[in-house]
Structure formats: structure tokens, C-alpha cells
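Let's walk through this one together, starting at the ligand and then stepping back to the domains.

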Amino acid sequence: MYTGFLHTHKLVVLLFLLLYVVKTALLLLNQKESLAKITKFTKVPEMILSTLFLVTGGYMLFNKPEIHYFTWIKVVAVFASIPLAVVGFKNSNKVLAALSLVLLITAYGLAEMAKRRVEKKEVIVEAPAGSTIDAVTQGKAVFKAYCVACHGEDGKLMMAGAKDLSVSQLSDADVKNIILNGKNSMAPYKNVLAESEINNVVEYVRSLRK
Ligand code: HEC
């Protein structure tokens, strides 16, 4: 569901941006007739797109375990752009319409940046008394710091479209690849975790399987 909403949201955003680039360009170039034609033609699709945009975006916002502050700025930029666009196009005000488009493009850029960003966290290794600290124990500490928000300590949480790690069939190499490069709502960790931390967390992920 989450991943489906994520893809729908992305598609809707692209269509929206495309439409607004065209409409704003026509306004700036004084192409009033073409603009009126397009506006009439896209009225209903635009209503559908806006609804889809809000529903998918709202759903993801409420089902995200952690929200980066870029995401909040993005939400504010999107909502600020709406009245500017409405007034800008209604009154053929080029400045307002252009400003609205700039806000939308900024929001898009912020979303792209937030997606790839993982805050550095403190990794605390807790070894049971008397035991040696092996790779799984160290991997568990990394997992607790970075992964439980979506996967849960036992790997079964499935937050934000995450897969259940206790039934995952992936090879170690594929697990490592997903951790390095991310997938859908999972961010890449290659710039956050050290090679040894990644290898240890792969061991821990494997230990979650029965
Ligand atoms: C923001 C949420 C989130 C966080 C945090 C997160 N993941 Fe994920 N993870 C996902 C999602 C979503 C998927 C499913 C991607 C897909 O296939 O669509 C996934 C998939 C995986 C998979 C592949 C499972 C399979 O069978 O396909 C592994 C392994 C994995 N994550 C490990 C980790 C590890 C290790 C960490 C911490 C370093 C981590 N994840 C942090 C969301 C997250």
C-alpha cells in the first residue's frame, strides 16, 4: 500500500509539475488563448490529480516513522504555492504564477534531498555479560539505531512499506545491495555506515530469519 502510494504520488507530482510549467510558460508568453484552452481541458484531470496528490501525500506523512525537516519545508512550500497559483492565474499575474511554480519546484527538490538523507545516529553495542561481542551483536546495535523505525526489532514491523525481514529470501549480497543503495522509501546507507557496520548488520538481518 505505502509503496503503491509512493509511486502514485511521484507520478502525480511529475504530471502536475509538467502541467504547471506549460501553463506558467503560456502566461509569461502572453498566450492567453492557448492558456484558456489548456485550463479548460485540464480542469477535471487537475481536480483528480490534486485529490490523488493530497491523499497519497497525507497517507505517507502519517505513516512515516521519522520525518526529515526538509519534508516539513516541502509541505509548507506546496501549501503556500496553491493560493499563489489560484490568484496568479485568475488575475493573469505573472509574478505570482512564477513564484508559485518556483515554490513547487523547490518543494520537489527538497523531497528529492530528504529522500536520500539519513541522520548519523549513535550505535550502542550491548553485549550480554560474559559473552564475546560477535558480528551479530554489533549488527544488532546498528540495526537498533537505524533500522527499527521501519523494520522493528524482530524485522516484522513493515512500516512505510518495509518488507518483513524474518521471511525475506534475499541472498546476503542482495541484502547488502539494498542497504547500500536503498529502495523505494528505504534510504541508501552507503554514506552513513562503515563497511564493517554494513557487514555486521547483514549478519543480524540473516539472524532474524527462523
Ligand atoms: C524508512 C524506512 C526504512 C528504514 C529506516 C530501513 N528500511 Fe529496510 N526497507 C524499507 C522498505 C520500504 C523496504 C522494501 C523496499 C522494496 O522492495 O520496495 C525495505 C527492504 C529492506 C530489505 C529487503 C527485504 C526483502 O526481502 O526484500 C532489507 C534486507 C532491509 N530493508 C534492511 C534494512 C536495514 C539493515 C536497515 C537499517 C540499516 C533498514 N532496512 C532501514 C524501509 C526501511
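How far does a polar side-chain atom of K183 lie from an oxygen atom of the ligand? The distance is 3.4 Å, which fits inside the polar-contact rule (a pair of N or O atoms within 3.5 Å; within protein, one must be able to donate a hydrogen and the other to accept it, and residues adjacent in sequence count only if both atoms are side-chain atoms). S168 also puts a polar side-chain atom 2.6 Å from a ligand oxygen, and for N184 the value is 2.6 Å.

Before going on, bear in mind that this is a predicted model, where local features need pLDDT of at least 70, side-chain atom pairs count only at pLDDT 80 or more, and totals for chains, interfaces and linings use all residues. Numbering runs from 1 along each chain as its sequence is written, and side-chain values use heavy atoms, with hydrogens and water left out.

Around the ligand sit 21 residues (a heavy atom within 4 Å), and C147, C150, H151, S168 and M186 come nearest. Helix α8 gives the largest share of that shell, three residues.

Now zoom out. The chain splits into domain 1 (2–115) and domain 2 (135–207), with bounds from an automatic or database domain assignment. Their C-alpha centres are 34 Å apart. Nine residues from domain 1 and nine from domain 2 make the contact (heavy atoms within 4.5 Å). Between the two domains, one residue pair is in polar contact, both at pLDDT 80 or more.

Note on methods: Helix = DSSP H or I, 4+ residues; strand = E, 2+ residues; numbered from the N terminus.
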